[in-house]
Amino acid sequence: MNETAKTKGQLLQDNLTSKKENIFEKQTEKLDAIFSYAEGYKAFLNAAKTEREAVCELIAMAKKNGFTEWSLGDPVKAGGAYYFNNRDKNLFLFRVGTEDIAKDGVRIMAAHIDSPRLDLKQVPVYEKSGMCFFKTHYYGGIKKYQWTTIPLSLHGVVVLENGDEVTVKIGEDESDPVFYINDLLPHLAQKQSEKPLGTAIPGEKLNLLVGGVPYPDQSVSDRIKLNVLSILNETYGIREDDFVSAEISAVPAFKARDVGFDRAFIGAYGHDDRVCAYPIASAIFETEDRTHTTLVILADKEEVGSDGNTGMNSIILRDVLDSISSSLGADPILVRSNSTCLSADVTAAFDPNFEEDLVFELERKNNALISCGTTMCKYTGSRGKSSTNDASAEFVGTIRRLFRENGVTFQTAELGRIDVGGGGTVAKYISHINIDTVDIGVPVISMHAPYEVISKADLYSTYEAFAAFCKLCRKN
Ligand code: MN
Ligand code: MN
């Protein structure tokens, strides 16, 4: 139907009512860009399955883009591009612009680079009934049953008694072995199947199968365990005691793959929140804006509450801003009060398969629809907006205008129905230090599962949103 054939009511409806639009359908001119951007993202996912690996990959990308290493207290100058590595688990990237940052503030883009997984306990190794296992303690909110019977890889570091640090990464190469969590066969699982989903696999059963060949000396006990320790000693030079000062995580060994005949989606481990970390990093790498100061935070520990000195609830962001301000002779109080932040984290995509479970808003108006663009959440929290950064109408208005001016398609949503549950993000820790902050991010299907799904259109839309944000002008 062409415009002239529309009735007065139809035209009025087009003009006055809001609607969400599928980007694959409405922005066909962007299809090549959408699909080619996804290729770089998949490569990043396969290389960065933990926060440590993400920091490592992003530093390599930063160096290629002319960023140089910076530490707290170092001088900065206009035109400079820097990275600050906080303990190998939290990374800052920033460009210093030509505008006075006391008046113009800093454009802050935040995401987290840790994902739910299974961490090894400090004394993990034991043997029972012909099998050797590692005990784990899960990290972040998981549905435990999903982590059984899938190939898992081990990633992390071991600090030896002499201070040497050994890197562990096994299970990713096709020739590597993988690790595994057992589950009961259905033939004998009648009782297990009657249990609620959340209790069928308790945390204590998430033990990794790591070996089965006994050490060839019958005079010792626990010979399978000894053989595993002997292999670990030969490969990494470690002893059982060294697990005490180790951080080793079991993560899904799957690679990121296209999902669907039309390749609209990407399946991968750890979209939450690398699907936001990657576009904000590429936005700061590629921006041609040299007038504004922009800063990217890639935080650790979001999945366990943002605590610790690599999480967003530490004063490290304030220290970094203070240090930059001090070098430029700017009052840090003014720098913070004039700064703005897009806090990027994933949200729940509406899933029609669970429509009857009444977890999503019934009218769908306030749900994130897949492929309808990056999603702005004015507030997060649960049960009555508890514990949320509720962005002001004024700041949301500023960002909305910025997106419209730059052709960024976005939608707005909250995380499911009001009384069902909810979740928080790092936004509140940034607004806590007097910075206007709003949540934005990619809708995810099966969030926190070992293999999550996102739409390539939403990934690209998020990249466009952050590219526009680097250019945001403040009225002062
Ligand atoms: Mn997240
Ligand atoms: Mn999460």
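## The first manganese ion

The manganese ion (ligand 1) takes its protein donors from His 112 (NE2), Asp 272 (OD), Asp 345 (OD) and Asp 345 (OD), at distances of 2.1 to 2.6 Å. The model described here is predicted. Along the chain, the donors of this ion follow the spacing H-x159-D-x72-D. Asp 272 belongs to helix H9, whereas Asp 345 sits in the loop between strand S15 (340-344) and strand S16 (347-348), so the pair ties together parts of the chain that are 73 residues apart in sequence.

Asp 345 counts as buried because its relative accessibility is 9%, under the limit of 20%. Asp 272 also falls in the buried class, with a relative accessibility of 2%.

## The second manganese ion

The manganese ion (ligand 2) has as its protein donors Asp 272 (OD), Glu 303 (OE), Glu 303 (OE) and His 448 (NE2), which lie 2.0 to 2.6 Å from the ion. The sequence spacing of these donor residues is D-x30-E-x144-H. Here the pair of Asp 272 and Glu 303 links distant parts of the chain: Asp 272 is in helix H9 (residues 271-286), and Glu 303 is in the loop between strand S14 (293-299) and helix H10 (316-328), 31 residues apart. Glu 303 is buried, its relative accessible area being 12%.

Which residue bridges the manganese ion (ligand 1) and the manganese ion (ligand 2)? Asp 272 does so, and the two ions lie 3.3 Å apart.

## Salt bridges

The count of salt bridges in the model is 21. In one of them, Lys 456 pairs with Asp 258, and their closest N and O atoms are 3.0 Å apart. Lys 456 lies in helix H14 (residues 456-469) and Asp 258 in strand S12 (residues 257-259), so this salt bridge ties together parts that are 198 residues apart in sequence. Lys 456 counts as buried, with a relative accessibility of 1%. Both residues belong to a network of salt bridges that links Glu 39, Lys 42, Asp 258, Arg 263 and Lys 456.

Arg 107 and Asp 104 form another salt bridge, with 3.1 Å between the closest N and O atoms. Are these two residues buried or exposed? Arg 107 is buried, at a relative accessible area of 0%, and Asp 104 is buried as well, at 5%. A further salt bridge joins the side chains of Arg 117 and Asp 119, with an N to O distance of 2.7 Å. Arg 117 has a relative accessible area of 6% and is therefore buried. Asp 119 also counts as buried, at 18% relative accessibility.

## Asp 436 and its surroundings

Asp 436 is located in strand S21 (residues 436-441). With a relative accessibility of 33%, Asp 436 counts as partly exposed, because this class covers values between 20% and 50%.

Which residues are in contact with Asp 436, leaving aside its neighbours within four places in sequence? They are Ser 339, Thr 340, Cys 341, Phe 395 and Arg 474. Asp 436 and Ile 108 are 328 residues apart in sequence, yet their C-alpha atoms are 9.8 Å apart in space.

## A nonpolar patch on the surface

Leu 184, Leu 185 and Leu 188 make up a nonpolar patch on the surface, and together these residues have about 280 Å² of accessible area. Leu 185 is part of the loop between strand S9 (180-181) and helix H6 (190-194). At 37% relative accessibility, Leu 185 is classed as partly exposed.

## The protein as a whole

The protein contains 14 helices and 23 strands. Its C-alpha atoms fill a box of roughly 85 × 55 × 40 Å, taken along the principal axes. The radius of gyration is 24 Å, which agrees with the value near 23 Å for a compact globule of 476 residues.

Of the 476 residues, 50% count as buried. Among contacts between residues at least 6 apart in sequence, 76% join residues that are at least 24 apart. The accessible surface of the protein is about 22400 Å², and carbon and sulfur atoms account for 51% of this area.

Methods
Residues numbered from 1 in each chain as written. Chains lettered and ligands numbered in written order. Predicted model: local features only at pLDDT ≥ 70, side-chain atom pairs only at ≥ 80, totals over all residues. Heavy atoms only, no water. Salt bridge = Lys/Arg side-chain N within 4 Å of Asp/Glu carboxyl O. Buried < 20%, exposed > 50% of the residue type's maximum accessible area, 1.4 Å probe, protein only. Helix = DSSP H or I, 4+ residues; strand = E, 2+ residues; numbered from the N terminus. Donors = N, O, S within 2.8 Å, 3.2 Å for Na, K, Ca; no water. Contact = heavy atoms within 4.5 Å. Rg over C-alpha atoms; globule rule 2.2 N^0.38 Å. Areas by Shrake-Rupley, 256 points an atom, 1.4 Å probe, with all protein chains shown as cover. Patch = residues over 30% accessible without salt bridge, like charges linked within 9 Å, V, L, I, M, F, W, Y side chains within 5 Å.
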